[in-house]
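Open the structure and keep the sequence beside it. This short report walks through how one part of the protein is put together.

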Amino acid sequence: MNKSTTTHGIILARHDSGDTDRVVTILTKDLGKISAIAKGVKKLSSKKAGHLEVGNVIEFELTPGKTLFMVGAAKTVAYHKFLQIENMRQLFVWLEILNTLVHAEEKDTALFDIARRGLDGAERYRRDQLQVVWPEIALYNHLGYQLELGQCVVGREPLAATQNYLQVRLGGVVCASHAGQETGLSAISSTAIKLFRLVKEGRWDIIPKLTINEDIVREMTELVATWRDEVVGHRLKSERF
Ligand SMILES: [Zn+2]
């Protein structure tokens, strides 16, 4: 690419560069994750500044520069009005996950769609619901971290609908009789296994219609957090927010 292009992007992160510029990390629809310099955005007169807030979805012009892309005209397509600190925290966790796991400059429109679903989930997040868990599971599946949910990862026999255990380091579920020798196990109910399977099969459409009780919400939230630690490889800074 050597001329300007217009695309959509999600602002993942930004940092100051000199007195007047900022470098922004953007997950774009057409070019994957990029770093781009936004010239003059720290000046009071800048029209661009308000659009380049972390978490915004923008439509913007991108021009290749010598080392970095340059952000041209930009307008906000969606931004997030957060009333609760918890929604803000969910948003920052989601952006940090994306920034950590997504490789630079690989076009992936399916991933862009999942990223937007995560933003929407963070905005609508409530503690008794699972809006942010679905896109997070979908993201890990999409990036190749699928969990084995059909058979025991130790004995390879089909899983019975009783108490089983998730062992993320082994990449899936361990049955009760093989669990004895393993460490790092989290109990997983057959309902939770079914919910993980639904996302793996891409059956998003039926999820909002399900009634999920608070025990399952807590269980799914904890299981996904365990999986996140394994996939990301360290604790996220924004989880301590
Ligand atoms: Zn087994």
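What follows covers the domains, their contact and some strand pairing.

## A predicted model with two domains

This model is predicted. The domain assignment of the protein gives two domains. Domain 1 spans 5–78. Domain 2 comes in two segments, 85–146 and 183–240. Find the C-alpha centre of each: the centres of domain 1 and domain 2 lie 26 Å apart.

## Where the domains touch

Both domains give residues to the contact: 14 from domain 1 and 16 from domain 2. Now look at the domain 1 side. Three elements each give two or more residues there. They are strand 1 (5–17), strand 2 (21–28) and strand 3 (32–38).

What classes of residue make up this side of domain 1? Eight are nonpolar, three are polar and three are charged.

## Strand 1 and its partners

Strand 1 pairs with strand 2 and runs antiparallel to it, with eight bridges joining the two. Take Gly9 as an example: its bridge partner in strand 2 is Thr28. Strand 1 also pairs with strand 4 (residues 57–64), again in the antiparallel sense, over six bridges. Here His8 has Glu59 of strand 4 as its bridge partner.

In a regular strand, side chains alternate between the two faces of the sheet. Keep that in mind as you trace along the chain.

## The turn between strands 1 and 2

Strand 1 and strand 2 form a hairpin, with three residues between the strands. Which residue in this hairpin takes a positive phi? Gly18 does, with a value near 70°.

Key. Residues numbered from 1 in each chain as written. Predicted model: local features only at pLDDT ≥ 70, side-chain atom pairs only at ≥ 80, totals over all residues. Domains from an automatic or database assignment. Contact = placed C-beta atoms within 7 Å. Helix = DSSP H or I, 4+ residues; strand = E, 2+ residues; numbered from the N terminus. Nonpolar A, V, L, I, M, F, W, Y, C, P; charged D, E, K, R; others polar. Pairing = 2+ DSSP bridges.
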